[in-house]
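Got the structure open and not sure where to look? Let's walk through it together, one part at a time.

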Amino acid sequence: MADLRGVGIGLGVAQGPVAHMAARLAPPSDARSARTPDEEKAAVAEAVSAVAAELNARGERAGGSAQDVLEAQAMMAEDPTLLEGVHAEIDGGATGEYAVHRAFAAFAEQLKALGGYLGERAADLADVAQRVIAHLRGVPAPGVPEPGHPFVLVAEDLAPADTALLDLDQVLAVVTTEGGPTSHTAILAREKGIVAVVGTGEIDLSDGQTVIVDAENDVVIADPTEDQLADAAARAEARANAAQAPLTPGALADGTPVPLLANLGSPDGAAEALEKGAEGVGLFRTEFLFLSSEEAPSVESQKESYRRMLETFAGKKVVVRVLDAGADKPLPFLTDADEENPALGRRGIRALQHRENVLRDQLTALAQADAETDADLWVMAPMIATVDETASFTLLAKELGLKTVGVMVEVPSAALLADRILETADFASIGTNDLVQYTMAADRLLGTVAHLQSPWHPAALRLIKATADGGAANGKPVGVCGEAAADPLLAVVLVGLGVSTLSMSPSALADVRAELTRHTIDDARRIAEAAIAAGNADDARAAARAAVA
Ligand code: PEP
Ligand code: MG
């Protein structure tokens, strides 16, 4: 069988037997029940308690935060108000299945209307209803299978809750037919270090069939040869050894330092990032703290989060990005829900300049947290497109007491104007996720244009080089904090293009650290030259590999 191509998440490789995600259930029919209401109620009661017991047992096996989620689902299954709703439907002539379907859906609507945390639980309720209905039908519950041995999970796509709860001792790798590289599956897989290839399109694999999931090469190999299996096993082992390597600071083979920093969305991940050898924080995405807030956060409450982050990284650099709201990260107090094309709308710095009080409060909270702690705080603005935006942001931030103020380069205009922008800004950090999206005019969330979203594209590499050159002309540092920095060979190319620091999800630090030690700065420049001279992303990567060899 031909190899299946998709988009690899991370760089791992894994092998094992396939197990498919059980298919979604067909919706229950609304035909009237042939059984008595008491018989239907007894069947539902039995199904509900079996599902609750199963969820509790899974929770106990999973432990940690997964246990809390699963126990909460078990409680939902047995919720008396819900059961009253089910009984009322049955008394009206519905079958048990249909009654569960209707009553759970009505309850989910009520939760959604409440919004916030309860609103988010509506999806869990749908999952519980599916389990109960599957039990009533005597078919496997939809969701992650439990074949009783480690397996490669094959699914159309995964709900975030499924991905978050995957048992990493059982799931060797994940393959999805749908979803792009920035789908929920991809983001969570990367965070948890799961080997994954997403967006393969229709595939024909059967349960038990052996596959190699090779994320580094964007491919799934069905029925591999002995040689392919041995090669994959050797690569997996080399990766595991790299993860065990001492946590030395990032540096090239000739000793050129390349500080390796962490991308974080909350102070909760800070300790783990340090354990993985992060030399500081290169991107603190502050908007992640407020995604469910209706109101702008107070100076006091923000200051607390920033203080926690800065304390954990005492003595180290912490780059905080002010709120990047809009597009896939709307914040009700900052963004306009009616924009037809929000990625091109009032997003990032544009939204903050429109509501300057929110920006002032955030900068004030940051300056206060800085005054109480010993980290080296740098602050930057997202989505900068012009020299004027740079000037007004740096002026305001400095006025409010911040010492080191920079910009993100994520819009092609900022890369092209980097020499002018960096006359004013103290530093630049390149957000390759958005820079690629805007350079290639390819929505970063859309699987159908995933082939255009590669940061290896020479168009993106040229803009990265322009930014690094703009930094060099002004003696200002330029880092990268987009996903590109997490790809080890691309990280070498970035350094060769003149980038001085790399920031990434902490799970990527070990691979990047190991790769950097294999090349000198002269090698990195030569590899970068080869990549940037190519005409497309695949050729750029191939040219970089050839230059290494
Ligand atoms: C980026 O665009 O590369 C970036 C780091 O910002 P975000 O992914 O949060 O948009
Ligand atoms: Mg961005």
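**A walk from the inside out**

Let's begin in the interior: the largest nonpolar core holds 89 residues, and Val-493 and Leu-502 are the ones with the most contacts inside it. Keep in mind that you're looking at a predicted model. Who does Val-493 touch, once you leave aside its neighbours within four places in sequence? Its contacts are Trp-456, Leu-461, Ile-527, Ala-528, Ala-531 and Ala-544. There's also another core lying apart from that one, made of 30 residues, including Val-44, Val-48, Ala-94 and Leu-165.

Now zoom out to see how the chain is divided. Domain 1 is built from two stretches, 4-22 and 143-242, while domain 2 covers 37-137 and domain 3 covers 245-548. If you take the centres of domain 1 and domain 2 over their C-alpha atoms, they are 30 Å apart.

Next up is the barrel. Eight strands form a closed ring in the order 9-10-11-12-13-14-15-16, with parallel pairing. On average, neighbouring strands here are turned by 25° against each other, if you ignore direction. What holds strands in a sheet together? Strands pair through backbone hydrogen bonds, in either a parallel or an antiparallel way. For a concrete case, pick strand 11 (residues 317-321) and strand 12 (residues 376-381): they run parallel and are joined by 5 bridges. One residue to find is Val-319, whose bridge partner in strand 12 is Trp-378. Packed on this sheet is helix 11 (residues 299-312), which touches strand 9 (260-264), strand 10 (280-285), strand 11 and strand 12. The direction of helix 11 makes about 160° with that of strand 10.

Time for the metal. Which residues are the protein donors of the magnesium ion (ligand 2)? They're Glu-410, through OE, and Asp-434, through OD, lying 2.0 Å from the ion. Glu-410 sits in the loop between strand 13 (404-409) and helix 15 (412-416), and Asp-434 belongs to helix 17 (residues 432-440), so the pair ties together parts that are 24 residues apart in sequence. Are these donors buried or exposed? Glu-410 counts as buried because its relative accessibility is 2%, and Asp-434 is buried too, with a relative accessible area of 2%.

Last stop: helix 20 (residues 509-516), where 8 of 8 residues are buried. Among them you'll spot Asp-511, Arg-513 and Glu-515. What covers the buried residues of helix 20? The cover includes helix 9 (226-244), strand 9, helix 10 (270-275), helix 19 (488-496) and strand 16 (501-504).

Technical notes: Residues are numbered from 1 along each chain as its sequence is written. Chains are lettered from A and ligands numbered from 1 in the order in which they are written. This is a predicted model: local features need pLDDT of at least 70, side-chain atom pairs count only at pLDDT 80 or more; totals for chains, interfaces and linings use all residues. Side-chain values use heavy atoms; hydrogens and water are left out. Two strands pair if DSSP finds at least two bridges between them. Helices (H or I, at least four residues) and strands (E, at least two) are DSSP runs, numbered from the N terminus. Axes are lines fitted to C-alpha atoms, for helices over the stretch in contact, and angles run from 0 to 180 degrees between N-to-C directions. Contact means heavy atoms within 4.5 Å. Domain bounds come from an automatic or database domain assignment. Donors are N, O and S atoms within 2.8 Å of the metal (3.2 Å for Na, K and Ca); water is not among the atoms, so sites may look incomplete. Buried means under 20% relative accessible area, exposed over 50%, partly exposed in between (1.4 Å probe, protein chains only). A nonpolar core is a set of buried Ala, Val, Leu, Ile, Met, Phe, Trp, Tyr and Cys residues joined through side-chain atoms within 4.5 Å.
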